[in-house]
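This report concerns a single molecular structure, presented with its sequence. Please consult both while reading.

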Amino acid sequence: MNENLFASFTTPMMMGVPIVVLIIIFPSILFPSPNRLINNRLATVQQWLIQLVSKHMLSIHNYKGQTWALMLMSLILFIGSTNLLGLLPHSFTPTTQLSMNLGMAIPLWAGTVVMGFRHKTKASLAHFLPQGTPLPLIPMLVIIETISLFIQPVALAVRLTANITAGHLLIHLIGGATLVLMNINPVTALITFIILILLTILELAVALIQAYVFTLLVSLYLHDNT
Amino acid sequence: MLQSLIKNVWIPMKPYYTQVYQEIWLGMGLMSVIVYKIRSADKRSKALKGKIFASSNGGERKTPSHLFRTRCVTAY
């Protein structure tokens, strides 16, 4: 039982070859980029959604920040589609791997920080000390702000990993419990099954929300540094 | 294939890769340094564990060190 619970989080291999790269590339097939002005329904709906999200997310940014529009939109689409595909039974979700999420969080966070120090050095250094700090607290607060800065990419990655992994584990556990209870007590099994349905709906929401939160936080870090 | 890759990917994305994402390339360099440090520390600790195991089981019996290197399924 313990082995089966965590088996879905191991890197998938096919005849000794890791196929995780194919799994990561797969969601891009679901987003066609045709060159036509008027497209089919799928492309039209996708373009409408992308326009809605990008308008909302990039409204706070200046010219420099809006150069990251492509990156932010790709990020939210990738994480959202990967999380949703991971809800299919027996599928592997790349965003349950901390290495993958750190691989996304660290370059983007470091990019925003370096951008801030490069183009607005004084303002970036000023972020280490909030306005109105009493004089005796200054050294401690600078240390705290430095720690909170370096915690940002770790928090980004761990938040996404923990939310998606926990959801998948819960679905595994409650699904297993439903199966076992079917022979013992069908009424309890029905209740557990209803809980499973509600949990799956919650996980659908969590998949989209976590993609939005990750991208929004990167966007906020970018806004602070541009 | 390389020509179509250049025409469809590199030419439209060139301003992004060369100007907009300069800081992100730096961040990717930082991440690769972190990955390298973690992997080398892991290799070093595994080699040390193998040495300790071999020496605790008697110095005469020289077990090849590659037997103690376990291939982790989730390692990258």
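The text below treats the fold of one chain, a helix pair, the salt bridges and a surface patch.

**Overall architecture of chain A**

The model is predicted. Chain A contains 9 helices and 2 strands, and their order along the sequence is α-β-β-α-α-α-α-α-α-α-α. Along the principal axes, the C-alpha atoms of chain A occupy a box of roughly 70 × 55 × 40 Å. Of the 226 residues in chain A, 37% are buried.

**Packing of helices from two chains**

Two packed helices are described by the angle between their axes and the distance between the axes. For helix 6 of chain A (residues 98–119) and helix 2 of chain B (residues 22–56), the angle is about 130 degrees and the axes lie 7 Å apart. Angles that are neither under 35 degrees, nor over 145, nor from 65 to 115 count as oblique, and helix 6 of chain A and helix 2 of chain B are therefore oblique to each other. The crossing of helix 6 of chain A with helix 2 of chain B is right-handed.

**Salt bridges**

Over all chains, the structure holds 2 salt bridges. The table lists each pair with its N to O distance.

| Residue pair | N to O distance |
|---|---|
| A:Arg118 and B:Glu23 | 2.9 Å |
| B:Asp42 and B:Lys46 | 3.0 Å |

A:Arg118 forms a salt bridge with B:Glu23. This pair joins two chains, because A:Arg118 belongs to helix 6 of chain A and B:Glu23 to helix 2 of chain B. A:Arg118 has a relative accessible area of 48% and is partly exposed, whereas B:Glu23, at 3% relative accessibility, counts as buried. The cut-off for a buried residue is under 20% relative accessible area.

The side chains of B:Asp42 and B:Lys46 also meet in a salt bridge. Both residues lie in helix 2 of chain B, 4 residues apart, which corresponds to about one turn of the helix. B:Asp42 is partly exposed at 36% relative accessibility, and B:Lys46 is partly exposed with a relative accessible area of 23%.

**A nonpolar surface patch**

Which residues make the nonpolar surface patch of about 580 Å²? The patch is formed by A:Leu190, A:Phe193, A:Ile194, A:Ile197, A:Leu198 and A:Ile201. One of these residues, A:Ile194, lies in helix 9 of chain A, which spans residues 186–225. With 46% relative accessibility, A:Ile194 counts as partly exposed. Residues in such patches have over 30% relative accessible area, a cut-off that A:Ile194 meets at 46%.

Notes: Residues are numbered from 1 along each chain as its sequence is written. Chains are lettered from A and ligands numbered from 1 in the order in which they are written. This is a predicted model: local features need pLDDT of at least 70, side-chain atom pairs count only at pLDDT 80 or more; totals for chains, interfaces and linings use all residues. Side-chain values use heavy atoms; hydrogens and water are left out. Patches are made of residues with over 30% relative accessible area and no salt bridge: like charges are joined within 9 Å, nonpolar side chains (Val, Leu, Ile, Met, Phe, Trp, Tyr) within 5 Å. Accessible areas come from the Shrake-Rupley method with a 1.4 Å probe; for residues, only the protein chains shown count as cover. A salt bridge is a side-chain nitrogen of Lys or Arg within 4 Å of a carboxyl oxygen of Asp or Glu. Buried means under 20% relative accessible area, exposed over 50%, partly exposed in between (1.4 Å probe, protein chains only). Axes are lines fitted to C-alpha atoms, for helices over the stretch in contact, and angles run from 0 to 180 degrees between N-to-C directions. A crossing is left-handed if the near helix is turned anticlockwise from the far one by less than a right angle, and right-handed if clockwise.
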